Amino acid sequence: MGEHYFAPRPGAASKPRSIDLVLPDLHLRLETDRGMFSPDRVDLGTRILLETVPPPPPSGTLLDLGCGYGPIALTMARRSPQASVLGVDVNERALDLARRNAIAAGLDNVRFNLAEETDPGLRFEAIWSNPPIRIGKAALHDLLLTWLPRLTPGGLAHLVVQKHLGSDSLQRWLNDQGFPTERIASRSAFRILAVSARTEGPAT
């Protein structure tokens with residue numbers, strides 16, 4: 001999985017299947033496939049994020065960073081039907097499935113595209129993400145420094161990160177970069193980090 005899910009065109013042979021995302025407020029049937037993150041079930045980190053975060057803003061533009069086949073973006077779109085939701089990823093197979101899952105769910109306030117196709121001037125009232133930790137620390141930091149500055153003033157990002165994959169050091173690093181970050185929940189070795197829009201430059 002680690003070699004493929006963040007590849008633009010996964011080499012794994014296609015093996016489509018359907019899984020269910022069942023939360024207290026919604027039920028989504030999702031198509032998945034090999035060559036993407038957690039194709040056999042909605043992974044525990046994503047589920048904890050979706051069960052823990054406060055409701056997304058009711059309007060504005062919301063981002064799912066590293067959307068995969070769409071469970072986070074589709075949940076945001078269902079919970080905030082008046083908002084515009086964007087899911088971005090590098091995996092074209094996953095993006096195709098996310099678009100199909102949005103159609104199947106009847107959600108027309110969400111779209112999915114490659115990161116480089118996104119208007120760099122677009123700003124977000126909220127970002128939710130189960131970030132791709134396994135791409136490596138340097139690449140992860142570059143990713144976050146690309147997208148977190150696009151939070152609107154007062155905007156908030158929520159990230160789910162496993163403790164043993166560096167959630168505590170990531171929290172410290174985000175604070176050092178000028179993004180006030182606090183842990184708002186901890187469950188099953190996962191941390192939910194709330195990251196505020198940058199109010200000042202990185203610490204020197």
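# A walk through the sheet and its neighbours

Guide: Let us start with Val85, which stands opposite Val110 in strand 5. Please keep in mind that this is a predicted model.

Visitor: How do you know that strand 4 and strand 5 pair?

Guide: Pairing takes at least two bridges. Strand 4, residues 84–89, shares 5 bridges with strand 5, in the parallel sense. That satisfies the rule, so the two strands count as paired.

Visitor: What is the order of the strands in the sheet?

Guide: The sheet is open, with 7 strands arranged as 5-4-3-6-7-9-8 and mixed pairing.

Visitor: What makes strand 5 and strand 8 edge strands?

Guide: Strand 5 (110–114) and strand 8 each have a pairing on one side only. As for the twist, neighbouring strands are turned against each other by 20 degrees on average, direction ignored.

Visitor: Which strands of the sheet does helix 1 touch?

Guide: Helix 1 packs on the sheet through strand 6, strand 7, strand 8 and strand 9, and its direction makes about 55 degrees with that of strand 9. Its buried residues are Gly45, Thr46, Ile48, Leu49 and Leu50. These pack against several elements, including strand 1 (17–23) and helix 2 (71–79).

Visitor: What makes the start of helix 1 a place with a polar contact?

Guide: A side-chain oxygen of Asp43 comes to within 3.2 Å of the backbone nitrogen of Gly45. The cut-off for such N or O pairs is 3.5 Å, so this one qualifies.

Visitor: How many aromatic pairs are there?

Guide: The count is 1 aromatic pair. Its rings belong to Phe124 and Trp147, with centres 6.2 Å apart; the limit is 6.5 Å, so they pair.

Visitor: Why is this pair called tilted, rather than stacked or edge-to-face?

Guide: The planes of Phe124 and Trp147 meet at 45 degrees. Stacked needs under 30 degrees and edge-to-face over 60, so the pair is tilted. It links distant parts of the chain, with Phe124 in strand 6 and Trp147 in helix 4, 23 residues apart.

Visitor: Are Phe124 and Trp147 buried or exposed?

Guide: Buried means under 20% relative accessible area. Phe124 has 0% and Trp147 has 4%, so both count as buried.

Visitor: What makes Arg150 a charge over the ring of Trp147?

Guide: The charged end of Arg150 sits over that ring, 4.3 Å from its centre, and the distance limit is 6 Å.

Visitor: How does helix 4 run relative to strand 3?

Guide: Helix 4 runs at about 175 degrees to strand 3, and it lies across strand 3, strand 4, strand 6 and strand 7.

Visitor: What is unusual about the phi of Ser38 and Ser188?

Guide: Most residues other than glycine have a negative phi. Ser38 has a positive phi of about 50 degrees, and Ser188 also has a positive phi of about 50 degrees. Ser38 is in the loop between strand 2 and helix 1, while Ser188 is in the loop between strand 8 and strand 9.

Visitor: Why is Ser188 called partly exposed?

Guide: Ser188 has a relative accessible area of 49%. Exposed would require over 50% and buried under 20%, so Ser188 falls in between. Ser38, at 11%, counts as buried.

How values were computed:
Residues are numbered from 1 along each chain as its sequence is written. This is a predicted model: local features need pLDDT of at least 70, side-chain atom pairs count only at pLDDT 80 or more; totals for chains, interfaces and linings use all residues. Side-chain values use heavy atoms; hydrogens and water are left out. Buried means under 20% relative accessible area, exposed over 50%, partly exposed in between (1.4 Å probe, protein chains only). Helices (H or I, at least four residues) and strands (E, at least two) are DSSP runs, numbered from the N terminus. Contact means heavy atoms within 4.5 Å. A polar contact is a pair of N or O atoms within 3.5 Å; within protein, one must be able to donate a hydrogen and the other to accept it, and residues adjacent in sequence count only if both atoms are side-chain atoms. Rings of Phe, Tyr and Trp (its six-membered ring) pair if their centres lie within 6.5 Å; planes under 30 degrees apart count as stacked, over 60 as edge-to-face and the rest as tilted. A charge sits over a ring if NZ of Lys or CZ of Arg is within 6 Å of the ring centre and within 35 degrees of the ring normal. Axes are lines fitted to C-alpha atoms, for helices over the stretch in contact, and angles run from 0 to 180 degrees between N-to-C directions.
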